[in-house]
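Thanks for making the time, everyone. I would like to walk through one structure with you, going from the core to the ligand and then to two of the helices.

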Amino acid sequence: MRYLENEPLAPYTSWRIGGPARFFAQVTSVSEIVQALAWANQRDLAVFVLGGGSNILIRDTGFDGLVLRIRLQNVRLEVNGDEARAMVESGAPMAGTARRLARQGWAGLEWAEGLPGTIGGALHGNAGCYGGDIATSLERAWVLVHGETQEWPVERLAFGYRTSVLKQMRADGGSWRNQPIILAAAFRLYRDDLTTLAQRMERTSHERRSKTPWGASCGSVFKNPPGDSAGRLIEAAGLKGTRIGNAEIAVRHANYIINLGGASSDDVLRLIDLARERVLAMTGIELELEIQIVG
Ligand SMILES: Cc1cc2nc3c(=O)[nH]c(=O)nc-3n(C[C@H](O)[C@H](O)[C@H](O)COP(=O)(O)OP(=O)(O)OC[C@H]3O[C@@H](n4cnc5c(N)ncnc54)[C@H](O)[C@@H]3O)c2cc1C
């Protein structure tokens, strides 16, 4: 195990923003995770679990603890006639896994085509798009809790719109120490025609490409309020194209903030505050963050 000191975190995020981690380690097995957690405990360090870094904003001051980048990536299939169960480790890419399974004729995760990030990050935030989400595709997960691997049925993850029990723990101010770590997930799949599957994936990919603004981002910054869309509200508040420093509220989709190059987390946080203030003043609606702020 290598523990890097003062490792810049921006390159590990889709926003390309954020200061350094005091310590940083990449882990490729459960035993390495356990070892790294013990190492952090001995030094009384906070721990942040990093997946693909596509749903977080790391502050310019970085993270004063150990950042653990999850790189476990094995995929195993249990086939039973025309049905299958895919056991996927949490560091595997969500979209890459969906594509790989579809190429073998297994349907169930096509909605995730083009979704950035890892299986672990997707479970943490109940990622979803194009008619599917983790909550409806997942059968169970394996989670490391206080050094012990537990098998959790889907109900235990208490999924809601872009949230889970794990994300809620963090939102409630949960400790950066001893947080549960997702190790693997089991998804239900069914056999489908290869051509039909490829066409479905291509349609999703095309739709995603046509809607996603260019540039480094974190996807949607805010959750959609009930019955409305955060992007529509921010656009109605006249904020499309607004820039602070090197960050910009995207012209193509107002719920995206783009790093135009060299943006600081402070630039993004000020745009977040501005969008919240204007939308609140205009509609009385309080926008809730979908992304997580780290550090
Ligand atoms: C261009 C773009 C488009 C996007 N489109 C969508 C979309 O359509 N739908 C959608 O839902 N999201 C979308 N997102 C957001 C993002 O892709 C998802 O939220 C993704 O699932 C995050 O996964 P990640 O691995 O990058 O998580 P990270 O950003 O690394 O982490 C997010 C959270 O998950 C936690 N976490 C990560 N791995 C684990 C683990 N193994 N155990 C415990 N906790 C863990 C982290 O600690 C953190 O709290 C988009 C992002 C971008 C950049």
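Leaving aside residues up to four places away in sequence, Val-67 touches Leu-9, Ala-21, Phe-24, Phe-48 and Leu-50. Please keep in mind that what we are looking at is a predicted model. Val-67 is also among the residues with the most contacts inside the largest nonpolar core, a list that includes Leu-57, Leu-68, Leu-123, Ala-185 and Ile-257 as well, and that core has 83 residues. The largest share of this core, 7 residues, is supplied by strand 13, which covers residues 181–191. As a general point, nonpolar side chains in soluble globular proteins tend to be buried together.

Let me turn to the ligand, which is surrounded by 34 residues, the closest being Gly-51, Gly-117, Gly-120, Gly-121 and Gly-219. By class, this shell divides into 18 polar, 14 nonpolar and 2 charged residues. Which helix gives the largest share of the shell? That is helix 3, with 4 residues, while the elements that each supply at least two residues include strand 3 (46–50), helix 5 (165–171) and, once again, strand 13.

Now to helix 6, residues 194–211, where the 18 residues should span 26 Å at 1.5 Å a residue, and the end C-alpha atoms are indeed 26 Å apart, so the expectation and the model agree. In this helix Leu-197, Met-201 and Thr-204 are buried, and, seen down the axis, the buried residues fall within an arc of 65°, which means that they line one face. The general reason for such a pattern is that an α-helix has 3.6 residues a turn, so residues three or four places apart point the same way. On the other side of helix 6 we find exposed residues, among them Thr-195, Gln-199, Glu-202 and His-206, whereas the cover over its buried residues includes helix 2 (94–103) and strand 8 (106–107).

Finally, helix 8 has 19 residues, 265–283, and reaches 27 Å from its first C-alpha to its last, close to the 27 Å expected. Its buried residues are Ser-265, Asp-267, Val-268, Leu-271, Ile-272, Ala-275 and Val-279, and because they cover an arc of only 160° around the axis, they sit on the same side of helix 8. The face turned away from that buried side carries the exposed residues Asp-273, Glu-277 and Ala-281. Among the elements covering the buried residues of helix 8 are helix 7 (230–236) and strand 16 (257–259). After helix 8 comes Gly-284, with a positive phi near 80°.

Note on methods. Residues numbered from 1 in each chain as written. Predicted model: local features only at pLDDT ≥ 70, side-chain atom pairs only at ≥ 80, totals over all residues. Expected span 1.5 Å × (residues − 1). Buried ≥ 20, exposed ≤ 12 C-beta atoms within 10 Å, placed from the backbone. Arc of directions from axis to C-beta. Contact = placed C-beta atoms within 7 Å. Core = buried A, V, L, I, M, F, W, Y, C linked by C-beta atoms within 7 Å. Near = placed C-beta within 6 Å. Nonpolar A, V, L, I, M, F, W, Y, C, P; charged D, E, K, R; others polar.
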